[in-house]
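Here are some short exercises to work through with the model open beside you. Try each task before reading its solution.

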Amino acid sequence: IGLYRFNGSEDPQQASLMYSSDNGETWQRTENITTGGWSSENEIVELEDGTLRMFYRNNNRKLSYADVYKDDTTGEYTMGSEVKVTSVGVHSDCNLSVLSYSQKIDGKQLIFVSCPTSGRAAGKIFAFLVDDTLEGNPLNLYHTYVVPGGESGFAYSCLTELNDGSIGMLWEPNHSTMYFDTFDIYELLPEGVEFPNASMNV
């Protein structure tokens, strides 16, 4: 479970992972992400090798994540170091949403990230491929999709994969309105991409 601590004082917010190795009888918490600033609201996806990748709200003006590693012998999790994704520009002081898609592209895991990119506006959905041939499983930007209607306002969002393979997104254009949109998966990817074994409406 991704969480963050904040006691309402001058201490910075700090994100971490809470986990149980005994089916919920006891719980432990990892160390906080070391950022040099603060980290808070977060979402987690699991990589192919079992690593948990935590993306989080922060004040460094970069899309950032930290990997959490499990010790299979002890069942304990260890928080990794902060990684900043420099291939995209985002507004990092806002919650984001992350989704690992069920289909791969050229054998690579596909991860979507939705977030604002200019203040709480200019909403975009980024498609990344995980490069599992390199140490640290870095993200390579694959495609950028501009959310229709999100140019003038885009705050919190939540991505999900629907039964037909399309992507659903619940999102806020402001603090008093909420929209739900669905996107054909091919809208969010470059032309020419195909999923031969996928069951989708296209």
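**Exercise 1. Pairing of two strands**

Task: Find how strand β5 and strand β6 pair, and over how many bridges.

Solution: Please keep in mind that this is a predicted model. Start by locating β5 at residues 52-58 and β6 at residues 63-70. Next, follow their pairing: the two strands run in the antiparallel sense, joined over four bridges. For a landmark, look at Phe55, which stands opposite Tyr65 in β6.

**Exercise 2. The sheet and its edges**

Task: Work out the strand order of the open sheet of four strands, and explain why one side of β4 and of β7 is left without a neighbour in the sheet.

Solution: Reading across the sheet gives the order β4-β5-β6-β7, with antiparallel pairing. The edges are held by β4 (39-46) and β7 (77-85); each has a single partner strand, so one side of each lacks a neighbour in the sheet. From one strand to the next, the twist averages 30°.

**Exercise 3. A salt bridge between two loops**

Task: Among the six salt bridges in the structure, take the one between Lys104 and Glu48. Which parts of the chain does the pair tie together?

Solution: First check the contact: the side chains meet at 3.2 Å, N to O. Then place the partners. Lys104 sits in the loop between β8 (97-100) and β9 (110-115), and Glu48 in the loop between β4 and β5, so the pair ties together parts that are 56 residues apart in sequence. Finally, compare accessibility with the cut-offs, where exposed means over 50% and buried under 20%. Lys104, at 42%, counts as partly exposed, while Glu48, at 53%, is exposed.

**Exercise 4. From a pair to a network**

Task: Is Arg57 buried or exposed, and which residues are linked with Arg57 in a network of salt bridges?

Solution: Begin with accessibility: Arg57 has a value of 16%, so this residue counts as buried. Its salt-bridge partner Asp93 has its closest O atom 2.9 Å from the N atom of Arg57. Arg57 belongs to strand β5 and Asp93 to the loop between β7 and β8, so the bridge ties together parts that are 36 residues apart in sequence. Asp93 is partly exposed, at 31%. To complete the network, add Glu41, which is linked with Arg57 and Asp93 through salt bridges.

**Exercise 5. One more pair**

Task: Where do Lys108 and Asp131 lie?

Solution: Their side chains meet in a salt bridge of 3.7 Å, N to O. Lys108 is in the loop between β8 and β9, and Asp131 is in the loop between β10 (124-130) and β11 (139-146), so parts that are 23 residues apart in sequence are tied together. At 13% relative accessibility, Asp131 counts as buried.

Definitions and conventions:
Residues numbered from 1 in each chain as written. Predicted model: local features only at pLDDT ≥ 70, side-chain atom pairs only at ≥ 80, totals over all residues. Heavy atoms only, no water. Pairing = 2+ DSSP bridges. Axes fitted to C-alpha atoms, helices over the stretch in contact; angles between N-to-C directions. Salt bridge = Lys/Arg side-chain N within 4 Å of Asp/Glu carboxyl O. Buried < 20%, exposed > 50% of the residue type's maximum accessible area, 1.4 Å probe, protein only.
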